[in-house]
Protein chains: 2
Amino acid sequence: MQATEEHHVLIIGCGFGGLEAARALADEDGVRITLVDRSNHHLFQPLLYQVATGGLSAPSIAAPIRHMLRKQRNATVLMAEVVSIDKDARCVLLADGQRIDYDSLIVASGATHSYFGNDQWAEHAPGLKTLDDAFKLRAKVLLAFEQAELAADAAAREPWLTFVVIGAGPTGVEMAGTMAEIARHTLKNEFRRIDPARAQVLLLEGSDRVLQAFKPDLSQKAAQQLAALGVQVRCGAKVVAIDAEGVEVEEAGQRLCIPSRTVVWAAGVAASPLGRCLGVPVDRAGRVIVGPDLSIPGHPEVCVVGDLAAAQSHERDGTTKPVPGVSPGAKQMGRLAAANIVARLHGKPPEAFRYTDYGALATIGRSAAVADLGAVRFSGLPAWLFWLFVHIYFLIGFRNRFVVMMDWATSYFSFQRHARVIAEQARQGQDIGVQSSTKVPSGQRT
Amino acid sequence: MQATEEHHVLIIGCGFGGLEAARALADEDGVRITLVDRSNHHLFQPLLYQVATGGLSAPSIAAPIRHMLRKQRNATVLMAEVVSIDKDARCVLLADGQRIDYDSLIVASGATHSYFGNDQWAEHAPGLKTLDDAFKLRAKVLLAFEQAELAADAAAREPWLTFVVIGAGPTGVEMAGTMAEIARHTLKNEFRRIDPARAQVLLLEGSDRVLQAFKPDLSQKAAQQLAALGVQVRCGAKVVAIDAEGVEVEEAGQRLCIPSRTVVWAAGVAASPLGRCLGVPVDRAGRVIVGPDLSIPGHPEVCVVGDLAAAQSHERDGTTKPVPGVSPGAKQMGRLAAANIVARLHGKPPEAFRYTDYGALATIGRSAAVADLGAVRFSGLPAWLFWLFVHIYFLIGFRNRFVVMMDWATSYFSFQRHARVIAEQARQGQDIGVQSSTKVPSGQRT
């Protein structure tokens with residue numbers, strides 16, 4: 001179908017890095033692109049916790065990849081899973097057995113959560129990386145209140161009204177703050193046997209402060225705002241076990257159990273296993289150690305970008321510093337990887353990656369956030385308004401911006417969260433013992 | 001907690017009938033209500049096919065039951081499944097073993113789809129009754145196009161681009177019309193290897209015309225509009241087998257196979273199995289045969305309303321006629337059951353049910369619908385605009401009305417459907433062979 005002299009760029013993963021790389025190659029003559037992703041949508045991950053907590057519905061933060069790229073005629077989108085990469089034969093293998101050859105490869109398959117070797121915790125403490133994670137978490141949180149209302153006595157009720165978030169990075173802080181808001185405001189007056197406002201939200205952090213990536217004064221501000229929202233922040237609490245009954249922590253040399261039926265994992269991240277497929281050095285988190293131009297050793301035609309890359313920013317003064325795992329970093333890497341492919345095609349040398357830092361932002365809950373823009377640091381309502389503005393601005397598509405703005409405005413004034421549907425599928429596998437019929441195959445529900 | 005003299009009304013199911021009954025009892029002194037439902041949301045079922053076809057997102061047509069009833073202080077909402085009813089002991093049993101006593105009972109647990117004894121078809125031809133059905137169907141339809149794009153050759157592609165809808169009642173007609181629209185318009189320009197507009201949409205109907213419940217002239221209009229949208233209508237086609245490869249039909253005495261990977265079941269409805277629990281006569285579809293006041297024989301304190309009831313409308317002239325299975329019927333029954341409970345409490349005789357018929361409406365697709373308002377029958381754009389107006393008007397909540405209106409307006413002019421996320425869970429169990437990882441438990445995704 002295409003002339004043989006076309007240069008074929010294969011991009012694995014359509015997160016911020018992969019999408020940006022594909023778009024950067026839109027107008028390149030003689031380049032055709034194949035973009036492979038396991039899901040059919042690009043996800044605006046910074047707002048995923050809003051789906052998990054019922055504030056937004058999925059389509060507001062997820063857009064079909066092939067719709068986003070429909071006008072880019074040189075791009076073919078395939079919904080498939082890459083199972084291995086053969087960098088010497090320059091091809092990848094899909095799960096269905098198909099082989100795709102490439103001239104240049106950009107690996108942007110991102111990261112998932114890591115339980116630090118305790119994979120048995122996954123079942124009791126789900127993390128938040130995909131839309132499905134968000135649906136499951138939403139169901140888990142809302143069902144906990146339903147179970148508390150059904151519970152026979154106070155002893156049975158307590159663990160359903162105790163919510164534990166593990167890890168006080170941006171995701172953990174957002175989740176804890178929003179869960180406190182749901183308990184105190186959203187569910188007000190809706191129950192007859194329990195008072196949702198009595199629910200406890202605990203945020204456990206192994207280190208000595210929340211939001212480690214921020215300056216200590218902002219960490220302190222964040223902790224104060226969390227407390228004001230009703231979250232119990234416990235720093236220096238190391239999780240040693242998680243099971244169906246709750247969490248066991250080590251705090252100040254003592255071990256104690258926190259009975260809870262709703263535990264959220266926001267503590268660890270591990271790179272996509274495709275990184276190890278490349279057969280080049282990776283760091284402890286499994287991220288591929290890339291060269292200055294984001295390529296892997298000995299293979300200038302293979303680049304790794306985004307959360308999968310252990311990349312350094314090459315500053316003007318000759319020093320290097322690590323690139324944080326945030327969306328601007330992934331986008332900038334995607335752009336450079338695309339530019340370096342074009343440079344190579346034209347016989348020019350590749351450029352080294354330099355990260356432009358626009359600052360760091362974290363939201364905590366209603367009117368609460370922290371912002372560090374380098375020159376200026378602020379918190380509270382101004383930071384929250386700034387966070388709102390930035391996130392709406394960067395959302396995919398005008399419709400989404402408009403709908404999200406409307407959802408946030410109505411929920412700010414009404415304290416409501418409209419996306420509170422518990423889908424039956426999202427409950428499967430949960431040991432809540434309510435619905436004996438949830439495991440009946442589709443179409444045979446009784 | 002409540003005075004013992006309070007009359008306890010238990011309502012099973014929060015569809016149109018159950019919800020209306022609960023609301024009708026809001027201001028009754030001395031009455032307390034418990035509403036039990038398997039899901040946490042009331043579903044606006046007439047628009048479910050829009051969720052299945054990506055036009056609307058779930059929260060637009062589903063509202064949390066306890067939020068809808070938060071101000072009704074005499075109502076307690078429990079999310080639980082009723083597994084049996086003991087009408088002599090006046091109690092029901094929940095799946096978790098709890099027993100709930102009642103003074104009056106309203107059973108409104110509705111209907112599900114029926115495969116007429118061929119339950120093995122369910123796996124290959126899902127129906128559409130719940131939000132989960134809608135998510136699965138959405139995933140199935142969208143994945144078919146993805147699989148077609150991935151297919152190695154035309155022979156492998158064809159069954160993925162053939163869509164079969166079985167049953168040309170309102171749901172089947174809506175599904176077929178909308179699927180044709182998706183293939184011809186929504187997905188335009190998004191694929192590189194296939195042309196989605198080449199997809200075939202077949203609507204199979206065993207009887208001699210579509211929309212049997214309507215007058216023959218409107219059936220004919222509907223068939224013409226379906227053809228114009230690109231749907232192949234095949235009446236007199238009896239389905240004899242469905243498997244992973246497709247559908248086998250008997251048409252004009254001949255058997256033929258239709259290879260298809262996407263088959264939708266819109267042919268049969270069966271009443272909720274709770275009806276049989278009551279130990280009173282049921283009709284062939286399992287619907288409970290109720291008396292004029294909607295109660296069951298010998299138990300004036302037990303009423304059955306909505307799709308579970310085989311009810312008669314008692315006309316002023318002394319004749320009776322069956323009540324159609326539509327939402328106004330369910331609502332009117334719910335209201336009467338509540339009124340009869342109050343009447344009994346005050347020692348007054350119950351009233352007989354009389355159905356007020358506001359007419360019948362069915363939508364077919366873009367600018368296509370039929371309407372029968374008794375005095376006047378019309379079709380095409382006017383019927384479609386009328387259908388839009390009615391459905392927006394009856395939607396739950398102002399936000400939903402507004403969002404749905406906006407979604408419809410944008411999708412009418414852009415031909416787009418925003419809710420095109422394929423959730424991974426919705427794919428589970430599908431034999432598409434793409435995602436080997438879909439069965440990994442949550443949190444362990446690699």
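This passage describes a small sheet with its covering helix, a nonpolar surface patch and a contact between two chains in a predicted model.

We may begin with the sheet in chain A. Here 3 strands form an open sheet in the order E25-E26-E27, with antiparallel pairing. Its edges are strand E25 (360–365) and strand E27 (377–379) of chain A, each of which pairs on one side only. From one strand to the next, the twist averages 5 degrees. Between E25(A) and strand E26 (residues 368–372) of chain A there are 5 bridges, and these two strands run antiparallel. Within this pairing, Ala360(A) is found opposite Asp372(A) of E26(A). The sheet also has a helical neighbour: helix H7 (residues 216–229) of chain A lies across E25, E26 and E27 of chain A. The direction of H7 is at about 170 degrees to that of E26(A).

Turning to the surface of chain A, Phe389(A), Tyr393(A) and Phe394(A) make a nonpolar patch of about 370 Å². One of these residues, Tyr393(A), belongs to helix H10 (residues 381–394) of chain A. Tyr393(A) counts as exposed because its relative accessibility is 51%, and the cut-off for exposed residues is over 50%.

A final point of interest involves both chains. In chain B, His67(B) is part of helix H3 (residues 65–68). Leaving aside residues up to four places away in sequence, His67(B) touches Glu190(A), Gln416(A) and Arg420(A). With a relative accessibility of 17%, His67(B) counts as buried, since buried means under 20%.

Conventions: Residues numbered from 1 in each chain as written. Chains lettered and ligands numbered in written order. Predicted model: local features only at pLDDT ≥ 70, side-chain atom pairs only at ≥ 80, totals over all residues. Heavy atoms only, no water. Patch = residues over 30% accessible without salt bridge, like charges linked within 9 Å, V, L, I, M, F, W, Y side chains within 5 Å. Areas by Shrake-Rupley, 256 points an atom, 1.4 Å probe, with all protein chains shown as cover. Salt bridge = Lys/Arg side-chain N within 4 Å of Asp/Glu carboxyl O. Helix = DSSP H or I, 4+ residues; strand = E, 2+ residues; numbered from the N terminus. Buried < 20%, exposed > 50% of the residue type's maximum accessible area, 1.4 Å probe, protein only. Pairing = 2+ DSSP bridges. Axes fitted to C-alpha atoms, helices over the stretch in contact; angles between N-to-C directions. Contact = heavy atoms within 4.5 Å.
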